[in-house]
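I am opening a fresh page for this one, and you are welcome to read along. My plan is to look up the strands first and the ligand afterwards.

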Amino acid sequence: MQMTGAEIFVKALADLGVDVVFGYPGGATIHIYDALFKNVKVRHMLCRHEQGAVHMADGYARASGRTGVCLVTSGPGATNTVTGLATAYMDSIPIVVFTGQVPTLLIGNDAFQEADIVGISRPCTKHNYLVKETKDLARIIKEAFYIASTGRPGPVLVDMPKDMLAASARYDLPKEVSLRGYRPTYEGHPRQVESAVRLLLSRERPVVYAGGGVILSNASGELAEFSRALSLPVTTTLMGMGAFPGSDPLSLGMLGMHGTYAANMAISNSDVILAAGARFDDRVTGKISEFAPHAKIIHVDIDPTSIQKNVRVDIPIVGDVKDVLRQMIKLVKGKKEATAYRGKTAAWRGQIASWVKTHPLTYKPSKGKIKPQYVVEQIHKLTKGKAIVTTEVGQNQMWAAQFYNYEQPRTFLSSGGLGTMGYGLPAAIGAQVAMPGRLVVDIAGDGSIQMNIQELATAVQYRVPVKVVILNNGTLGMVRQWQELFFDGNYSQTCLPRIPDFVKLAEAYGAKGFRATKPEEVPEVLRKGFAADGPVLIDVITDPGEMVYPMVPAGAGLTEMLLV
Amino acid sequence: MRHTISVLVENEFGVLSRVSGLFSGRGFNIESLCVAETMDPQVSRMTIVTSGNDQIIEQILKQLNKLIPVLKVIDLTGVDTVDREMVLVKVNADGDGKQEVLRLVDIFRARIVDVAPRCYTIEMTGGEGKVLAFLQMLRPLGIREIVRTGKIAISRGM
Ligand SMILES: Cc1ncc(C[n+]2csc(CCOP(=O)(O)OP(=O)(O)O)c2C)c(N)n1
Ligand SMILES: [Mg+2]
């Protein structure tokens, strides 16, 4: 059947099961918008900025595990997606971004609204395409989804010149994708897996270091099963929050720059580390030469480039975390070595328990001023730990990671790798669209929220009932914290003197606004806000001087923590 | 240490920029790079000469493999190979120099491919050592311009 490129686009998305596209129209994509107008299967949500659209697709993907989709026009529409692409790329999130492009004959001409988005996005996508013939479009779309969602997931961009969308071709969506240069490895090499288990069992002070890869490969069940079978203490990265239940006695919480005392001490004193779907980021390792000096390292990762990149690994295993953990479980489950091992490592767990006890995550309450940590605790209490939490970037993000106990994967959505301010609100909208029945809360900062505040309009227009809680400290808090600690308290350009009035702003957008200014108001204001219909913004005036602790100063070893 | 890496890639638009972008984006260096079609017109071969410690080379090999249009990556370092480079050199050829140029061309089994009143253009092919030696010998005569292809290499035997 002959169809226009625009019709092929819409039909291919429908046939691939895409239920929603986050986008923004323009001249180069106008044919697609016409085709969308006539199609009922693919829903389009109109964002207010293309960056917002990409973060929505990203939040949708993180919350659901399905690939998020975004559609924008050429030139500025395309360049506005770059931060969103880079955010998804750093955190390995499966999204496909479709950009319009000027007609083929004008490419390279500095045509109106032309940008070389294939060139611009090359370093921040897993792969990208320029469509050169309409007949290739369906195949490219199929490949784009395949590449985005398999192996180590990531964003894929497809650039579609306008004439390709207007011209006609036969609709031919391949059933299978075959790319001879792309064959991800899923199973771990059996001998490597055996050596890894043997090494683990031969040591006495083990720690599991679990990252976002565990969530991406849906391996939380396997992680819990394996860790419990051997009573292995588990610490997670920021990206791994929720990969292992925070309330489990084996959980040490987060490690790294703002990790728990117990997690950082455990890693530093361990004699074997099982790194699962984590990549030894500098925010995690601290000074690399002092990282885990006594430990042998087993590293499981689907991406071979992550292995041996930052630290020397003793047993590398290339494979999907879920498959590899299953292989490992088979080797230990019900074996008497496992029982013996739990006995042998009991003293180590006792040591860790004492670190947990002497240095829990904490803060100093104060009369009159609202402590941001208290707000996060209250959100946890009120939502019974069952909300999907998104964050902005800065102190708000760290407190959201530290003081809300994540029990389930895909409930903590945060820009870990790129640290993108403005991520939280659009990501919350995307997550809410994917998970209509869930309560979705964006724990925000007063600085970050203003970077994509316009998406409140999207939330209102489509009645997406996200709840935004602004920890409003009147500052770019995290930068201020560094100025306080390392730059003699010269608060250069970090004051945001409580502008704008967020309650009025929410109301101007047609959302509901609430405010808490005193500690005793917090529980009631949160309760009211969460109970209200539709999108809600809750402005909580917090203590501007509050700092995130523990903190490992940049460049220091993990044991050199500044504590409360 | 220097490594010669042979990379088979899909012969498609944009592959070269993916490869070169990978090197520049990650701070790896390229000493030379040659690309051309193979026997299969859908596949091109890139021969890249680069350098770095073992960890960097490992990253380069892995990162190349990760690119989707890359089909195969072979590190030829330590493999028994034949490698060649071609140079085109314009050299002064007047007076006594003329005889010396002709002598060197003969010794190095090079060829004169263009003649101008006071200047010869010479084509020479060889391994890296031979190319460098040839250029060194020509230098005192006055080299006006050099164009080198960069290295290509193939494994010996089957
Ligand atoms: C787009 C972007 N610009 C700049 C930064 C650098 N940065 C990191 S945290 C931060 C302050 C964030 O302020 P706010 O959102 O109010 O959060 P707080 O730390 O006060 O909780 C800044 C500017 C960033 N991460 N992202
Ligand atoms: Mg702030």
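How many bridges join strand β1 of chain B to strand β3 of chain B, and do they run parallel or antiparallel? I find 9 bridges between β1 (residues 2–10) and β3 (residues 43–51) of chain B, and the two strands run antiparallel. I keep in mind that this is a predicted model.

**Entry 1: the sheet around that pair**

I picked out one residue pair to look at: Val9(B) stands opposite Ser44(B) in β3(B). Next I traced the whole sheet, which is open and has 4 strands in the order β2-β3-β1-β4 of chain B, with antiparallel pairing. I noted that β2 (29–37) and β4 (70–75) of chain B each have a single partner strand, so one side of each is left without a neighbour in the sheet. From one strand to the next, I get an average twist of 20°.

Then I looked for what packs on this sheet. I found helix α1 (residues 15–25) of chain B, which touches β1, β2 and β3 of chain B. The direction of α1(B) makes about 15° with that of β3(B).

**Entry 2: the partners of β5(B)**

Further along chain B, I followed strand β5 (residues 81–92) and listed its pairings.

- With β7 (residues 119–126) of chain B, I count 8 bridges in the antiparallel sense; Lys90(B) has Thr121(B) as its bridge partner there.
- With β8 (residues 143–148) of chain B, I count 5 bridges, again antiparallel; here Val91(B) stands opposite Ile143(B).
- With β9 (residues 152–155) of chain B, I count 4 bridges, and these strands run antiparallel too; Arg84(B) is paired with Ile152(B).

**Entry 3: around ligand 1**

Now I turn to the ligand. Which residues come nearest to ligand 1? Of the 17 around it, they are Gln395(A), Asp446(A), Gly447(A), Ser448(A) and Gly477(A). By class, I sort the shell into 6 nonpolar, 10 polar and 1 charged residues.

I also looked up polar atom pairs. An oxygen atom of ligand 1 lies 2.9 Å from an N or O atom in the side chain of Asn473(A). For Met478(A), a polar backbone atom is 2.9 Å from an oxygen atom of the ligand. A nitrogen atom of ligand 1 is 3.5 Å from a polar backbone atom of Met421(A).

On its own, ligand 1 has 580 Å² of accessible area, and the protein covers 76% of that. Two elements of chain A, α18 (395–403) and α21 (477–486), give two or more residues to the shell. The largest share, 3 residues, comes from α21(A).

How values were computed:
Residues are numbered from 1 along each chain as its sequence is written. Chains are lettered from A and ligands numbered from 1 in the order in which they are written. This is a predicted model: local features need pLDDT of at least 70, side-chain atom pairs count only at pLDDT 80 or more; totals for chains, interfaces and linings use all residues. Side-chain values use heavy atoms; hydrogens and water are left out. A residue is near a molecule or strand if one of its heavy atoms lies within 4 Å of it. A polar contact is a pair of N or O atoms within 3.5 Å; within protein, one must be able to donate a hydrogen and the other to accept it, and residues adjacent in sequence count only if both atoms are side-chain atoms. Accessible areas come from the Shrake-Rupley method with a 1.4 Å probe; for residues, only the protein chains shown count as cover. Ala, Val, Leu, Ile, Met, Phe, Trp, Tyr, Cys and Pro count as nonpolar, Asp, Glu, Lys and Arg as charged, and the others, Gly among them, as polar. Two strands pair if DSSP finds at least two bridges between them. Axes are lines fitted to C-alpha atoms, for helices over the stretch in contact, and angles run from 0 to 180 degrees between N-to-C directions. Contact means heavy atoms within 4.5 Å.
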